[in-house]
Structure formats: C-alpha cells, structure tokens
Amino acid sequence: MADPSFEMTASGRCVVARVSGDMDYLTDWVFRARFQDLTARPERLMVLDLSGVVFCDSAGLSVLLGVWRQADAGGAVLVLAGVSESVRRILEMTGVDRVMRVFDTVPEAAAVCGS
C-alpha cells in the first residue's frame, strides 16, 4: 500500500493538486479532507494530477466523484490528468470517464482550463 499524499500549487488560473498513493477504503478519509481544502480555494479551474496514484478502488472513485460534484455545484471546473493505465481502466469500466474530463498530462489539462 502506498501512503497518500496531496500537494496543491497554483498554475495561472488553475490550481493543480498532485495526488499520490492508493485511493481506497483505507485512505478515502485523507483524500476527502484534502479535497475539501481544494474546493475551498478561490480558483475555479482545478486539475487533479493522478500520476502518483497506483491503485483506486470503489471508495477512491466515490471520493473523486464527490469532489467533482462539489466543484461543479460551486461553479468550478475539475478535470483529471496523468491517470495511469490501471486507474484509467477503472474510470472507463465504471463510466466515470464520461462524467469527468481526463487528460494525459497536466499541461494539456491546464491549457484547456485556460492557463
């Protein structure tokens, strides 16, 4: 199991949150709290860099969908970037990739966000 970590940086009009570790039932409480911090920021364009996420289960998906809903309800745009093949497969199998926009890299996501 990889320990969870979360680091936010401003990039132009976007805030980029680099997420690392496993997103699962053991770490969902960590990420829920950190994503609350993310959606409380003034930036309305948010990129979740998941390049450091090695595993994601249904609890992790629930956290991702929850932060996406919270951002959307607050008028913000939240997208994913740097998603590994294993996590991308889970997003595709569950249809989450049809709800949340997924980009290969953070620069691609930031460019679409206008940064």
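What follows is a walk through the sheet, the helices and the charged pairs of this structure. The model is a predicted one, and that goes for every value below.

The sheet is a good place to start. It is an open sheet of 5 strands, ordered 1-2-3-4-5, and its pairing is mixed. Strand 1 and strand 5 sit at the edges, each pairing on one side only. In general, strands of a sheet pair through backbone hydrogen bonds, and they can do so in parallel or antiparallel fashion. Strand 1, covering residues 5-11, runs antiparallel to strand 2, with 7 bridges joining the two. Two of the facing pairs can be picked out by name: Phe6 has Val19 of strand 2 as its bridge partner, while Ser5 stands opposite Ser20, also in strand 2. The hairpin made by strand 1 and strand 2 has 2 residues between the strands, and here Gly12 takes a positive phi near 65°.

Further along the chain, Val79 belongs to strand 4. With a relative accessibility of 2%, Val79 counts as buried, because the cut-off for that label is under 20%. Val79 and Val47 are 32 residues apart in sequence, yet their C-alpha atoms are 5.0 Å apart in space.

Between strand 2 and helix 1 comes a loop, and Thr27 lies in it. Although a loop residue, Thr27 counts as buried, at 3% relative accessibility. Its side chain reaches the backbone oxygen of Asp22 at 2.7 Å. Leaving aside residues up to four places away in sequence, Thr27 touches Pro4 and Asp22.

Helix 2 comes next. Spanning residues 58-73, helix 2 holds 16 residues and reaches 22 Å from first C-alpha to last, close to the 22 Å expected at 1.5 Å a residue. Its N-terminal end is capped by Asp57, which places a side-chain oxygen 2.9 Å from the backbone nitrogen of Ala59. Ala59 is itself one of the buried residues of helix 2, and the others are Gly60, Leu61, Val63, Leu64, Leu65, Val67 and Ala71. What do the buried residues of helix 2 pack against? The partners are strand 2 (14-23), helix 1 (28-39), strand 3 (45-56), strand 4 (77-81) and helix 3 (85-94). Just after helix 2, Gly75 has a positive phi of about 80°.

Helix 3 has buried residues too, namely Val87, Arg88 and Leu91. Looking down the axis of helix 3, these buried residues fall within an arc of 100°, so they line one face of the helix. That fits a general point: an α-helix has 3.6 residues a turn, so residues three or four places apart point the same way. The cover over the buried residues of helix 3 includes strand 3, helix 2, strand 4 and strand 5. On the face turned away from the buried side, helix 3 carries the exposed residues Glu85 and Met93. Gly95 follows helix 3, and its phi is positive, near 85°.

Now for the charges. Side chains of opposite charge can pair when their charged atoms come close. The count here comes to 4 salt bridges, and three of them are taken up below, including two in helix 1. Arg32 pairs with Asp28, the closest N and O atoms being 3.9 Å apart. Both Arg32 and Asp28 are in helix 1, 4 residues apart, or about one turn of the helix. Arg32 is partly exposed, with a relative accessible area of 38%. Asp37 forms a salt bridge with Arg34, and in this case the closest N and O atoms are 3.4 Å apart. Asp37 and Arg34 are 3 residues apart in helix 1, so about one helical turn separates them. Asp37 is partly exposed at 39% relative accessible area, and Arg34 also counts as partly exposed, at 30%.

Arg88 of helix 3 forms a salt bridge with Asp104, with the closest N and O atoms 3.1 Å apart. Arg88 lies in helix 3 and Asp104 in the loop between strand 5 (102-103) and helix 4 (106-112), so this pair ties together parts that are 16 residues apart in sequence. Arg88 is buried, its relative accessible area being 17%.

Note on methods:
Residues numbered from 1 in each chain as written. Predicted model: local features only at pLDDT ≥ 70, side-chain atom pairs only at ≥ 80, totals over all residues. Heavy atoms only, no water. Expected span 1.5 Å × (residues − 1). Buried < 20%, exposed > 50% of the residue type's maximum accessible area, 1.4 Å probe, protein only. Contact = heavy atoms within 4.5 Å. Polar contact = N/O pair within 3.5 Å; in protein donor to acceptor, adjacent residues only side chain to side chain. Salt bridge = Lys/Arg side-chain N within 4 Å of Asp/Glu carboxyl O. Arc of directions from axis to C-beta. Pairing = 2+ DSSP bridges.
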